[in-house]
Amino acid sequence: MAQRVVPKAVLPWRQVHLDFHTSEHIPDVGARFDATAFAKRLKDGNVDSVVLFAKCHHGWSYYDTQIGARHPTLGFDMLRAQVDACQAAGIKTVIYVSVGWDERSARDHVDWRQVAPDGSFRCLLGGHLDAAWKYICLGTPYLDYLTAQIDEVVRAFPEADGLWLDIIKQEPCCCVHCQAGATAAGLDWLNEGDRDVYRKTVLQTYLDRSVQAALAVRPDLPVFHNTSMVPRGDRHFFESFSHIEIESLPTGGWGYDHLPMAAKYAGTLPYDRLGVTARFHIVWGELGAWKHPNALRYEVCAMLTHGTKICIGDHLDPTGVLDTTSYQMIGDVFAEVEAKRPWCEGSVNIADVALLSAVSVRSPGSINRADRHAPEDEGALRMLNEGHVLFDVIDADADFGAYRVLILPDRVRIAPALKTKLDAYLAGGGKVLLSAESGLAADGSGFALPVGAALLGPSPFNPTFIAPRDDLRPDWITDPFMIFAPSLRIRATDGLSLGAVHEPWFNRTPHHFNGHINAAVKPEPSGYDCGVRHGQVTYLAQPVFSLYRELGSVAVKRYTLAALADLLGAPTMAVEGLPAAGTLTLRRLPNGHHVAHLLYATPMLKGQTVLGPLEVIEDLPAIGPIDIRLPGGTTAARLEPQGINLPVVDGKATVDRFACHQMVVFS
Ligand SMILES: [Zn+2]
């Protein structure tokens, strides 16, 4: 089928994603819905767009449908009433259809369910008999049912401002339909590689047919498919999207690193972007649980620092009534968004450095949750954020020439196409920071880039210890310090050594061990180098980024950031006094002015759920002073939205104190 071109959307700034997953066991659904009160509460919450439900994860529809089934205890066309109320109040409406979860279909058509290679039905965080959402396979006749629903709902709501398709999580599947489809395509569904090939076919067919169904009726309709992440490295995937939404509930398994990762990557793609957090304490579906308003404020301000528009998730009570707590919280934070919008609208990120996502190279387009949190990518992101480096996250299709330094973290081996592109980048004056396997040829046989060192194979020791040069070592450590990860052995040839590697007397094995953790370091250096700089290329022989993600060693971070600073030279803009938990971004407005965003909070680890660590924000302490060296070519600094001019002395301005988020505009 010829693919439709999805028109690009310009998104609203203050959206609410109004979940409404409602079991048939709940009585009197919508019985207290009042159109006037519904619209008024959204208006009071400063909401300018709302995602409303046509069909939920339970598989019930909330409009008068001939294709599906209206919720059995809902007595009227609630979606029509909601849309009418919002239209009258000037609030945009986006129509939600659950795709990958549909409990009603899972019950009525067991053959439509995704089957894992071990023969089990795929469910979210549970098994077939648990209270767990059941994954539907998009390679089954369900796709006909779904596209008929899309056709119906798009016709029924011609005034809709968008179509929101959820749970696009097609995994390798062994259902009877995929068995037949794979076989017909000449593939073996018992073979892992073949299963993934067929999975991609099923996913692309879903994208094509869902878009076709919507755009055949409404060629201008914005369409979004939610994978719960922004897959990196397959730009073709987004051709079925009108825009990108970044679902990222920090307490719900995404963590506080996910938004910057996804937003920085999405910011390099030609789409408008919306960040999505929620008012819940942990995650979607909590009826009657709220995070502290300071957490919501921080999460929303974080989106502003990345230039995304804002969406806050809520869940409508089954009675059809919006609660007061949520809309007080949302109203306050959306008022702040509206006040700050003039210094965010149309802005682009300014970056000295680009983090070439390792996942984007080794698993392009992966929608696998583990790849969402690849340790080498997240570790690098953390270091750069904490080091207040101005950076983007990119894939191999990006324009490398836009950056002064590229970082290839830990696991980016260099295939021929990437080598050609990197060679041209280096020839044009670009610089590259490599670590561990990054920079090796695809087969690992040697370096594919001119690092100025000989590769002598993997070190037999773990841990090893490094003693960086004085200008690169952490300022409080004067002894060799531990690298608790496998590393490579190199020896500088025509490159300049970054320091020495020391080795322990022996590894901890069943044959021999020493003390609690490791055998002591031998006093004499091993003769190997911990890293090397050769002109425009710096190579670190340890997987510093994954290591930082796993173990958080400040010593490793400081050393790595020092090696980066040595390679980069003077940054476009620098700050002093901002703690590691603070982040810095610099964005350029359409009028040419630059806006520095200072952001600060300290999420604290308070618990653990099946989704991941639970980090909570309660306080937003004020910090300062922060000294800022102005970007080149600017001479004036002003706090916004306060409109207060800052004195500029010797190219520096000082923000005395701020809490959470402060914009400084340079002109
Ligand atoms: Zn299947």
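# Helix packing, pockets and domains

Mentor: Let's start with two helices in this predicted model. Helix α12 (residues 375-386) packs with helix α14 (residues 544-551) at an angle of about 85°, and their axes are 7 Å apart.

Trainee: Why is α12 called roughly perpendicular to α14?

Mentor: Set the value against the cut-off: the angle is about 85°, and angles of 65 to 115 degrees count as roughly perpendicular. So α12 is roughly perpendicular to α14.

Trainee: How do you know that α12 and α14 meet, and which residues are involved?

Mentor: Contact means heavy atoms within 4.5 Å. On the α12 side, P375, E376, E378, G379, A380, R382, M383 and E386 take part, and they meet V544, F545, S546, Y548, R549 and E550 in α14. The residues of this contact divide into 6 nonpolar, 2 polar and 6 charged.

Trainee: What is the volume of the second largest pocket, and what makes it a pocket and not a cavity?

Mentor: The volume is about 880 Å³. The word turns on access: a pocket is an open set of points, whereas in a cavity the 1.4 Å probe fits but cannot get out.

Trainee: Which residues are closest to the centre of that pocket?

Mentor: Of the 40 lining residues, G255, Y256, D257, R382 and E615 are the closest to the centre of the second largest pocket. R382 is also one of the α12 residues in the contact with α14. Both α12 and α14 are among the elements that give two or more residues to this lining, while the largest share, 5 residues, comes from α8. By type, the lining of the second largest pocket has 19 nonpolar, 12 polar and 9 charged residues.

Trainee: And the cavities: how many are found in the whole structure?

Mentor: The search finds 4 cavities of 30 Å³ or more. The largest cavity has a volume of about 50 Å³.

Trainee: How do you know which residues line the largest cavity?

Mentor: A lining residue has an atom within 4 Å of a point. Among the residues lining the largest cavity are C173, C178, W189 and Y198. The largest share of that lining, 4 residues, comes from α6. The lining divides into 6 nonpolar, 1 polar and 3 charged residues.

Trainee: Finally, where do the domains lie along the chain?

Mentor: Domain 1 covers 14-345, domain 2 covers 351-568 and domain 3 covers 574-666. The centres of domain 1 and domain 3, taken over C-alpha atoms, are 32 Å apart. Their contact takes 27 residues from domain 1 and 28 residues from domain 3.

How values were computed: Residues are numbered from 1 along each chain as its sequence is written. This is a predicted model: local features need pLDDT of at least 70, side-chain atom pairs count only at pLDDT 80 or more; totals for chains, interfaces and linings use all residues. Side-chain values use heavy atoms; hydrogens and water are left out. On a 1 Å grid over the protein atoms alone, a cavity is a set of points where a 1.4 Å probe fits but cannot get out, and a pocket is an open set with protein on both sides within 12 Å along at least five of seven lines; lining residues have an atom within 4 Å of a point. Grid points are joined across faces, edges and corners, and a volume is the space filled by probe spheres set on the points. Ala, Val, Leu, Ile, Met, Phe, Trp, Tyr, Cys and Pro count as nonpolar, Asp, Glu, Lys and Arg as charged, and the others, Gly among them, as polar. Axes are lines fitted to C-alpha atoms, for helices over the stretch in contact, and angles run from 0 to 180 degrees between N-to-C directions. Angles under 35 degrees count as roughly parallel, over 145 as roughly antiparallel, 65 to 115 as roughly perpendicular and the rest as oblique. Domain bounds come from an automatic or database domain assignment.
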